[in-house]
Amino acid sequence: LTSQSRLTALLRRSSEAFHFPITHVELSLGQKALSVRDVRQSLETLGITAGSELGVSRRPFPRLENLGSSVYNQNYHCEVLRVEEVDVGTVELDIAVFGNMSAGKLQDPKRSKLYRQPLRDADEAPSTIW
């Protein structure tokens with residue numbers, strides 16, 4: 001790795017060295033926890049230089065199940081069955097969609113929108129991610 005390598009590269013190396021999935025790797029530099037929001041940053045930008053000592057810990061399994069329903073009306077709704085982080089900054093979703101077709105066919109999933117809400121302390125608007 002070089003000072004211009006991204007944090008993602010260090011996470012991948014840590015995953016290989018400690019034999020657990022990359023989505024479970026959590027790194028810290030001193031008192032600062034490095035987060036998924038930092039993955040595109042260079043090691044130099046994050047203050048990681050030759051000789052830096054990093055803490056490595058294993059995060060809990062990043063998978064949530066049965067998160068609830070989104071209801072359009074009594075005839076159309078969807079249930080979020082699973083949200084799972086499968087790679088750094090990448091999640092998979094399982095969504096069950098139900099409709100009695102009283103208002104027509106269900107929308108093509110490729111025309112649906114998924115939004116990312118910012119963290120509570122972030123000063124940014126929600127953004128479309130799919």
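Two rings of Phe, Tyr or Trp count as an aromatic pair if their centres lie within 6.5 Å. Keep that in mind for a later stop. The model on your screen is predicted.

**Stop 1: the whole chain**

Show the protein as a cartoon and colour it by secondary structure. You should find one helix and eight strands. Which order do the elements follow from the N terminus on? They run α-β-β-β-β-β-β-β-β, with the helix ahead of the strands.

Now turn on the surface. The protein exposes about 9,600 Å². Carbon and sulfur atoms supply 50% of that area. The chain has 130 residues, and 23% of them are buried. Next, think about contacts. Among those with a separation of 6 or more, 43% join residues 24 or more positions apart.

**Stop 2: the helix and serine 15**

Select residues 7-18. This is helix 1, and serine 15 sits in it. Is serine 15 buried or exposed? It is buried, because its relative accessibility is 14% and the cut-off for buried is under 20%.

Show the side chains around serine 15. Leave out residues up to four places away in sequence. Serine 15 then touches Phe20, Pro21, Ile22 and Val25.

**Stop 3: the aromatic pair**

Stay in this region and select phenylalanine 18 and phenylalanine 20. How many aromatic pairs does a search of the whole structure find? It finds one. Phenylalanine 18 and phenylalanine 20 form this pair. Their ring centres are 6.2 Å apart, and the planes meet at 35°. The pair counts as tilted, because its angle is neither under 30 degrees nor over 60.

Compare the two partners. Phenylalanine 18 is partly exposed, at 46% relative accessibility. Phenylalanine 20 is buried, with a relative accessible area of 11%. Phe20 is also one of the residues that serine 15 touches.

**Stop 4: alanine 50 and serine 3**

Move to the loop between strand 2 (32-34) and strand 3 (54-58). Alanine 50 is there. It is exposed, with a relative accessible area of 82%.

Select serine 3 as well, and draw a line from C-alpha to C-alpha. How far apart in space are alanine 50 and serine 3? The distance is 8.1 Å, while the two are 47 residues apart in sequence.

**Stop 5: the second largest pocket**

Select Cys78, Ile95, Val97, Gln107 and Ser112. Of the 23 residues that line the second largest pocket, these lie nearest its centre. Which elements give two or more residues to this lining? They are strand 4 (63-73), strand 5 (76-87) and strand 6 (90-99).

The space in this pocket is about 780 Å³. Colour the lining by residue type. You will see 15 nonpolar, five polar and three charged residues.

**Stop 6: two positive phi angles**

Finish with the backbone. Most residues other than glycine have a negative phi. Two residues here make good last selections.

First, pick asparagine 66 in strand 4. Its phi is positive, about 50°, although it is not a glycine. Asparagine 66 is exposed, at 61% relative accessibility.

Then pick methionine 101. Where is methionine 101? It lies in the loop between strand 6 and strand 7 (115-116). Methionine 101 also has a positive phi, of about 65°, and is not a glycine. At 42% relative accessibility, methionine 101 is partly exposed.

Terms used: Residues numbered from 1 in each chain as written. Predicted model: local features only at pLDDT ≥ 70, side-chain atom pairs only at ≥ 80, totals over all residues. Heavy atoms only, no water. Helix = DSSP H or I, 4+ residues; strand = E, 2+ residues; numbered from the N terminus. Buried < 20%, exposed > 50% of the residue type's maximum accessible area, 1.4 Å probe, protein only. Contact = heavy atoms within 4.5 Å. 1 Å grid on protein atoms, 1.4 Å probe; cavity = no way out; pocket = protein on both sides within 12 Å on 5 of 7 lines; lining within 4 Å. Points joined across faces, edges and corners; volume = space filled by probe spheres on them. Nonpolar A, V, L, I, M, F, W, Y, C, P; charged D, E, K, R; others polar. Areas by Shrake-Rupley, 256 points an atom, 1.4 Å probe, with all protein chains shown as cover. Phe/Tyr/Trp six-rings, centres within 6.5 Å; stacked < 30°, edge-to-face > 60°.
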